[in-house]
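Reader: Please take a close look at the open sheet in this structure and at the loops around its strands. I should like one connected account, with the criteria behind each term.

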Amino acid sequence: PPFGTKIDVCKTMEHVGSFGVKKFIEDNKPLLTLHGHIHEAFEMSSTYYDKIRNTIVINSCNNYLSNKVAIVIITITNTKIMHKRILI
């Protein structure tokens, strides 16, 4: 995930994301980016998404404490991007 966001926080509460990914998002301004790897980020920051300017950045984050798998359902319409996280 991009550095310095709510979705790159590890269990030591440090930001461990990528500076390169963040710069790519800032330079290219996509509507949405999807990330992974920081499994505990949801428990550390209480969210699975953040924004960099107008870009929505999402890390589904497995449920680190209960070992459940998380998925994010994304719906894109002409006017907005909607998303919700569910555990399975």
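**The open sheet and its surrounding loops**

Author: Strand E1 and strand E3 (residues 55-59) run parallel and are joined by 4 bridges. Strands (E, at least two residues) and helices (H or I, at least four residues) are DSSP runs, numbered from the N terminus, and two strands pair if DSSP finds at least two bridges between them. The model is a predicted one, in which local features need pLDDT of at least 70 and side-chain atom pairs count only at pLDDT 80 or more, while totals for chains, interfaces and linings use all residues. Residues are numbered from 1 along each chain as its sequence is written, and side-chain values use heavy atoms, leaving out hydrogens and water.

Within the pairing of E1 and E3, Leu32 stands opposite Ile56 in E3. The open sheet has 3 strands in the order E1-E3-E2, and its pairing is mixed. E1 (32-35) and E2 (49-52) stand at the edges with a single partner strand each, so one side of each is left without a neighbour in the sheet. From one strand to the next, the twist averages 25°; angles are taken between the N-to-C directions of axes, which are lines fitted to C-alpha atoms, and run from 0 to 180 degrees.

Ahead of E2, Ser46 occupies the loop between helix H2 (41-45) and that strand. Ser46 is not a glycine, yet its phi is positive, about 65°. Most residues other than glycine have a negative phi. Cys61, in the loop between E3 and E4, also is not a glycine and has a positive phi of about 55°.

The surroundings of these two residues can be set side by side. Ser46 is exposed, with a relative accessible area of 60%, whereas Cys61 is buried, at 2%. Buried means under 20% relative accessible area, exposed over 50%, and partly exposed in between, with a 1.4 Å probe and protein chains only.

A further loop, between strand E4 (70-76) and strand E5 (81-87), holds Asn78. Asn78 is exposed, with a relative accessible area of 86%. Its C-alpha atom is separated by 14 Å from that of Leu32, and the two residues are 46 apart along the chain.

Lastly, helix H1 (residues 19-28) may be added to the picture. Lys29, which follows H1, has a positive phi near 50°.

Definitions and conventions:
Polar contact = N/O pair within 3.5 Å; in protein donor to acceptor, adjacent residues only side chain to side chain.
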